[in-house]
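The following exercises are to be worked with the sequence and the coordinates at hand. Each task is followed by a solution in steps.

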Amino acid sequence: MIKSTFYIKIFYSLLFCLLFTGAHAQKKFTIVLDAGHGGEDHGANRLYDDIGRVTEKEITLAITLKLGRMLEKNKDFKVIYTRKIDEYPSLTDRTNLANRSKADFFVSIHCNANTKTTPYGTETFVQGPDQNKTNLEVAKAENDVIYLDEKDRQTFAAYDPSSPESLIALKIQQSKYLESSLIFGGFVEENFTTKDKRLSRGVKQQNLHVLRMNAMPSVLIETGFISNYEEAHYLASDKGQTEIAESIFNAIMSYKRAHDRRLGISDKKQEPEKTAESPLKNDFRVLLMSSPLKYSSGDPALKGLNYVLPIKENNLYKYYYGVSNYASVRDINLKTAKDAGFRSASAVGFVPNQKLSSGYYTIEVAISREKLSSNSYILQTLKDVNREKVNGTFFYTYGNVKTLEDAVKLQKELEDKGIKNTVIQKVNK
Ligand SMILES: [Zn+2]
């Protein structure tokens, strides 16, 4: 008797739970946590006299499990782990899992190492702009992961991968992933510096497989350098791992709030709604420096920044980093440039597709002390190359276009023909 009333009670409380949660059913925010490396792949590691071997795969797992426990306490989240033990899922396994679970966000956790012991600090990577094409292919292939928000859905009523409208929708979606990843990266690096008093090396764009193959906003967090004595001790400590997990957790909460506001999911406990960021009229690039010297990508003078666009004007090379028409991304790019060591970097506005009223853009294809031979690859490949001699050096330029966008396109065409290391030049007449 006692037993049966007990079961009836359980039955009613279960029923109540089902009805209650059913009425409030809302799609959970699915987050994939990826502990870097594992199994045979140890990642970075160093041996220290006092604490023994510090191994990346162990630290990334410890931080990931702590972070996962924090998230699992909140019923709004669904947490998926690429690994919970010391094993090695391939990079493709990791991205397939994320794509098939239709995750809303992907966080990969790593530790840095350097041959020198001095470098330290945190950095967060997001997909590089060149990756958009690959991401687009992934999104097309995994077409059931396509998710557009309400506004896009109205504009692009039905998804048909072969229609041009859908392709535009996908492109919009790709740039949103990048924006979202940059915003999240800003939150997490901010927490590392303000809450944990650590050095942030900034939010950076890089072509990384785990980021490239994901059809959702994705970041890879380098939580510190195992090769630096103090940081290795911090990373190996319970205190350090907890602080890092908390900083990532707080960034996820900030991101989720912004995400909910965008989708119009209201929550009375939250601060008043901020208006969604609208794009600016101009594109902004960060001017790193002006120099009479030409540096190619990867040159130490560029301090590790990728996607730097040099534009030559009045015999000076101006080096521009990043491009965005969102104020928040512009500010993050500027901070990244300053963190990298370009203290006097500034954001410069570019009017999109602005035609020069006087003057033009051309491409500097070669600089040489000697005259290029008519058999040279450049002169064989291109017609109407201009040659100019300044202070005993020959400068070769090609093409004449009115907008920077066309110049970028022309430069890409030359690159496809195997003519690399060219520089866009603005000629004022
Ligand atoms: Zn790693």
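**Exercise 1. Two neighbours in a helix**

Leaving aside neighbours within four places in sequence, lysine 338 is in contact with Arg343 and Ala345. The model is a predicted one.

Task: Determine whether lysine 338 is buried or partly exposed, and whether alanine 337 is buried or exposed.

Solution.
- Step 1. Locate the residues. Lysine 338 is found in helix 10, and alanine 337 lies in helix 10, residues 327–339.
- Step 2. Count the C-beta atoms around lysine 338. There are 16 others within 10 Å. A residue is buried at 20 or more and exposed at 12 or fewer, so lysine 338 is partly exposed.
- Step 3. Repeat the count for alanine 337. With 27 other C-beta atoms within 10 Å, alanine 337 is buried.
- Step 4. List the contacts of alanine 337. Residues up to four places away in sequence not being counted, alanine 337 touches Val286, Leu288, Leu305, Tyr321, Phe342 and Ala345.
- Step 5. Add the C-alpha separations. Lysine 338 and valine 286 are 52 residues apart in sequence and 9.9 Å apart in space. Alanine 337 and valine 203 are 134 residues apart along the chain, and their C-alpha atoms are separated by 9.5 Å.

**Exercise 2. The packing of two helices**

Task: Describe how helix 2 and helix 9 pack, giving the angle and the distance between their axes.

Solution.
- Step 1. Choose the descriptors. The angle between the axes and the distance between them describe a pair of packed helices.
- Step 2. Give the values. Helix 2 (residues 56–72) and helix 9 (residues 238–263) pack at an angle of about 50°, and their axes are 9 Å apart.
- Step 3. Classify the angle. Helix 2 is therefore oblique to helix 9.
- Step 4. State the handedness. The crossing of helix 2 past helix 9 is right-handed.
- Step 5. Name the residues in contact. Helix 2 contributes Ile59, Ala62, Ile63, Lys66, Leu67, Met70 and Leu71, while helix 9 contributes Gln241, Thr242, Ile244, Ala245, Ile248, Phe249 and Ile252.
- Step 6. Sort them by class. The contact of helix 2 with helix 9 has eleven nonpolar, two polar and one charged residues.
- Step 7. Compare the spans with expectation. Helix 2, of 17 residues, reaches 24 Å from its first C-alpha to its last, close to the 24 Å expected at 1.5 Å a residue. Helix 9, of 26 residues, reaches 37 Å, close to the expected 38 Å.

**Exercise 3. A glutamine in the helix contact**

Task: Establish which residues glutamine 241 touches, not counting residues up to four places away in sequence.

Solution.
- Step 1. Glutamine 241 is found in helix 9.
- Step 2. Because glutamine 241 has 22 C-beta neighbours inside 10 Å, this residue counts as buried.
- Step 3. Beyond its neighbours up to four places away in sequence, glutamine 241 touches Ile59, Ala62, Ile63 and Lys66. These residues of helix 2 take part in the contact with helix 9.
- Step 4. Among the buried residues of helix 2 are Ile59, Ala62 and Ile63.
- Step 5. Along the chain, threonine 223 is 18 residues from glutamine 241, and their C-alpha atoms are separated by 9.3 Å.

**Exercise 4. Positive phi in two loops**

Task: State where lysine 102 is found and where aspartate 384 is found, and compare their surroundings with the help of the C-beta counts.

Solution.
- Step 1. Recall the background. Most residues other than glycine have a negative phi.
- Step 2. Take lysine 102. Its phi is positive, about 50°, although it is not a glycine. Lysine 102 is found in the loop between helix 3 (91–100) and strand 5 (105–112).
- Step 3. Take aspartate 384. Its phi is near 60°, a positive value in a residue other than glycine. Aspartate 384 is found in the loop between helix 11 (377–381) and strand 14 (386–390).
- Step 4. Compare the counts. Lysine 102 is partly exposed, with 15 other C-beta atoms within 10 Å, whereas aspartate 384 is exposed, with 7.
- Step 5. Add a glycine. Just after helix 9, glycine 264 takes a positive phi of about 75°.

How values were computed: Residues numbered from 1 in each chain as written. Predicted model: local features only at pLDDT ≥ 70, side-chain atom pairs only at ≥ 80, totals over all residues. Axes fitted to C-alpha atoms, helices over the stretch in contact; angles between N-to-C directions. Helix = DSSP H or I, 4+ residues; strand = E, 2+ residues; numbered from the N terminus. Parallel < 35°, antiparallel > 145°, perpendicular 65-115°, else oblique. Left-handed = near helix turned anticlockwise from the far one by under 90°. Contact = placed C-beta atoms within 7 Å. Nonpolar A, V, L, I, M, F, W, Y, C, P; charged D, E, K, R; others polar. Expected span 1.5 Å × (residues − 1).
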